[in-house]
Amino acid sequence: TEAIGLYNVGQSCCLNSLLQVFLMNIHFTGILRRITVPPHAAQKKKNVPYQMLLLLEEMQCGKRKAVSPLDLAQCLSGYRVKLFVQHDAAQLFLTLWDLLKRQMEKPELIEDLSYLYTICVQEHLACQKCSFETKRNSSMLTLPLPVLDSRSHVLKTLEDCLQYFFHPEELTGHNMCFCEQCGRKTPFLQSMKLVHLPQTLTVHLKRFCFEKSACIYKLSHYLPFPQDLDFNAVLTENQCQADDNEKAAWQYELFAVVAHSGSTSFGHYCAYIRSLTECKWYCFNDSEVCQVSWDDVKCTYGHSNLHWGETAYLLIYMKKHPQ
């Protein structure tokens, strides 16, 4: 049950933080322990789920304060996840998840992994001149929440970000769509409705923004997020497309925060994770692991005057009462 660190093996702080979030999740490790072990040594070296399982076992069997993820990192390098490179945690999370899913051979494990992480939404497009409407179901692995509105005004809380993400948007002027019924381009109303939320929900705070000059800058302003999050209290009926049984399970508790410090060109990641067995918060900073308080986690809310300060980038919530 001890929290074990991971040595930095070549600017691997981003990878280390995400690995800790995966491996501290008992729902994920329950799936990982059921994988098919590749029969040949060469296949084992190239298999991401197997290498992740070996790392998990090494972390749980030893009494060291930290272990090296070098074998897994070398395995990932064969899939263009390079060492000595600055990675984006949101993008690397998607890459790792895709590799895990593609290399898990059992269909039931792939299904379990998808159910554990996948968000389902329904996209709506409605012509404002007639009754023509299109609907399309789609899935995503993270909720990519903007932290600024369309006028570049700061969104003040996580709940504000969620409401803005699901708020209908008018498509006018250059953004008008072709309406099959009207036979021409017309103003449309675009909206997204929530259909299904997974057991482990990953929220991506879009703190890195592009300027017109093509430069990327970091938004470090104060943005609080709650320990307990009830989507029924945040979203309206019009923003949901789910039955009562589905919505009854939309109560979440914060499980982890992947935080970024530094700038867009040079930075560092660490992870704050609540142990599901001990219900204590830990800070995983590569090989250093220490117990922290909720006040320490709140320090990742951000501060507009501390652009190099530690700022929450990924929020991972878990269902309180999974179905």
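**A colleague's note on the predicted model**

1. Let me begin with serine 138, which counts as buried because its relative accessibility is 19%, just inside the under 20% cut-off for that class. Please keep in mind throughout that this is a predicted model. Serine 138 has its place in strand S4. Its side chain makes a polar contact, at 2.9 Å, with the side chain of glutamate 123. If you set aside the neighbours within four places in sequence, the residues in contact with serine 138 are Ile119, Cys120, Val121 and Glu123.

2. The strands around this serine are worth a look together. Strand S3 covers residues 119-127 and strand S4 covers residues 133-140, and the two pair in the antiparallel sense over eight bridges. Five residues make up the hairpin connection from S3 to S4. To check the register by eye, find glutamine 122, which stands opposite asparagine 137 in S4.

3. A second hairpin appears further along the chain. Strand S16 (residues 281-285) and strand S17 (residues 288-292) run antiparallel and are joined by five bridges. Here two residues lie between the strands, and aspartate 286 in the turn has a positive phi of about 55°. For the register of this pair, phenylalanine 284 is the residue to find, standing opposite valine 289 in S17.

4. How many disulfides does a search of the whole structure find? The search returns zero. Cysteine 120 is a good case to follow: the closest cysteine sulfur belongs to cysteine 240 and is 14 Å away, so the two are too far apart for a bond. Cysteine 120 is also classed as partly exposed, because its relative accessible area is 27%. Cysteine 279 is likewise in no disulfide, and its nearest cysteine sulfur, that of cysteine 290, lies 18 Å away. With a relative accessible area of 57%, cysteine 279 is exposed.

5. Helix H6 spans residues 89-103, which makes 15 residues. From its first C-alpha to its last it reaches 21 Å, close to the 21 Å expected at 1.5 Å a residue. At the start of H6, a side-chain oxygen of aspartate 88 comes to within 3.0 Å of the backbone nitrogen of alanine 90. The buried residues of this helix are Ala89, Ala90, Leu92, Phe93, Leu96, Trp97, Leu99, Leu100 and Gln103, so alanine 90 appears both in that buried set and in the contact with aspartate 88.

6. Is glutamate 237 buried or exposed? At 61% relative accessibility, glutamate 237 counts as exposed. You will find this residue in the loop between helix H9 (231-234) and helix H10 (244-248). The side chain of glutamate 237 makes a polar contact with the side chain of lysine 247, at 3.3 Å. Glutamate 237 and leucine 194 are 43 residues apart along the chain, and their C-alpha atoms are separated by 9.9 Å.

7. Finally, the overall layout. The domain assignment gives domain 1 as 1-118 and domain 2 as 142-166 + 199-322. Their C-alpha centres lie 22 Å apart. Across the boundary, 31 residues of domain 1 are in contact with 31 residues of domain 2.

Technical notes. Residues are numbered from 1 along each chain as its sequence is written. This is a predicted model: local features need pLDDT of at least 70, side-chain atom pairs count only at pLDDT 80 or more; totals for chains, interfaces and linings use all residues. Side-chain values use heavy atoms; hydrogens and water are left out. Two strands pair if DSSP finds at least two bridges between them. Helices (H or I, at least four residues) and strands (E, at least two) are DSSP runs, numbered from the N terminus. Buried means under 20% relative accessible area, exposed over 50%, partly exposed in between (1.4 Å probe, protein chains only). A polar contact is a pair of N or O atoms within 3.5 Å; within protein, one must be able to donate a hydrogen and the other to accept it, and residues adjacent in sequence count only if both atoms are side-chain atoms. Contact means heavy atoms within 4.5 Å. The expected span of a helix is 1.5 Å times one less than its number of residues. A disulfide is a pair of cysteine sulfur atoms within 2.5 Å. Domain bounds come from an automatic or database domain assignment.
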